[in-house]
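Subject: Structure handover and notes

Hello,

I am passing on the structure we spoke about, together with notes on what was found in it. Please keep the view open while you read.

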Amino acid sequence: CEAPLETCGEAAAASAAKTGIGDYLKSDIKGAKSYGMKSVLVLSGVTSQTLLENAEEELRPHLVFDRLA
């Protein structure tokens, strides 16, 4: 961002507010993507690495984390 720092911070906060986080590809990730949001999958829940690797493109998240903590 080349705008003043205050404006860049607001843009980053607005972007983060439009991020869906979840552990289930078919509801959490698909839902976030269907609303034009970025999606983050957490592998500590329902979805395994194997399920993620075999998922259709529409179910693939933008980012993947093993856990949040």
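In this predicted model, three strands make an open sheet in the order S1-S2-S3, and their pairing is parallel. The edges are taken by strand S1 (19-22) and strand S3 (63-65); each has a single partner strand, so one side of each is left without a neighbour in the sheet. On average, and ignoring direction, neighbouring strands of the sheet are turned by 20° against each other.

S1 pairs with strand S2 (residues 38-42) over four bridges, in the parallel sense. To find this pairing in the view, look for isoleucine 21, which stands opposite valine 40 in S2. Helix H2 (residues 25-34) lies across S1 and S2 and runs at about 160° to S2.

For the wider setting, the protein has three helices and three strands. Along the sequence they follow the pattern α-β-α-β-α-β. Of the 69 residues in the protein, 23% are buried. If you take the contacts between residues at least 6 apart in sequence, 32% of them join residues at least 24 apart.

The two faces of S1 are worth a separate look. Gly20 and Gly22 make up the covered face, while Thr19 and Ile21 make up the uncovered one. Is isoleucine 21 buried or exposed? Its relative accessibility is 54%, and the cut-off for exposed is over 50%, so isoleucine 21 counts as exposed.

Isoleucine 21, placed in strand S1, also belongs to a nonpolar patch on the surface. The patch is formed by Ile21, Leu63, Phe65 and Leu68, which together have about 420 Å² of accessible area. As for the surface of the whole protein, about 5,000 Å² is exposed, and 55% of that is supplied by carbon and sulfur atoms.

Next, the charged side chains. How many salt bridges does a search of the whole structure find? The search finds one. It is formed by lysine 30 with glutamate 58, and the closest N and O atoms are 3.8 Å apart. Lysine 30 lies in helix H2, whereas glutamate 58 lies in the loop between helix H3 (49-53) and S3, so the pair ties together parts that are 28 residues apart in sequence. Lysine 30 is partly exposed, at a relative accessible area of 38%. Glutamate 58 also counts as partly exposed, with a relative accessibility of 43%.

One last place to look at is glycine 45, in the loop between S2 and H3. With 37% relative accessibility, glycine 45 counts as partly exposed. In sequence, glycine 45 and tyrosine 24 are 21 residues apart; in space, the distance from C-alpha to C-alpha is 7.4 Å.

If you want a short route through the view, begin with the sheet order S1-S2-S3, go on to helix H2 across S1 and S2, and then find the salt bridge of lysine 30 with glutamate 58. The nonpolar patch that includes Ile21 and Phe65 can come after that.

Regards

Definitions and conventions:
Residues numbered from 1 in each chain as written. Predicted model: local features only at pLDDT ≥ 70, side-chain atom pairs only at ≥ 80, totals over all residues. Heavy atoms only, no water. Pairing = 2+ DSSP bridges. Helix = DSSP H or I, 4+ residues; strand = E, 2+ residues; numbered from the N terminus. Axes fitted to C-alpha atoms, helices over the stretch in contact; angles between N-to-C directions. Contact = heavy atoms within 4.5 Å. Salt bridge = Lys/Arg side-chain N within 4 Å of Asp/Glu carboxyl O. Buried < 20%, exposed > 50% of the residue type's maximum accessible area, 1.4 Å probe, protein only. Patch = residues over 30% accessible without salt bridge, like charges linked within 9 Å, V, L, I, M, F, W, Y side chains within 5 Å. Areas by Shrake-Rupley, 256 points an atom, 1.4 Å probe, with all protein chains shown as cover.
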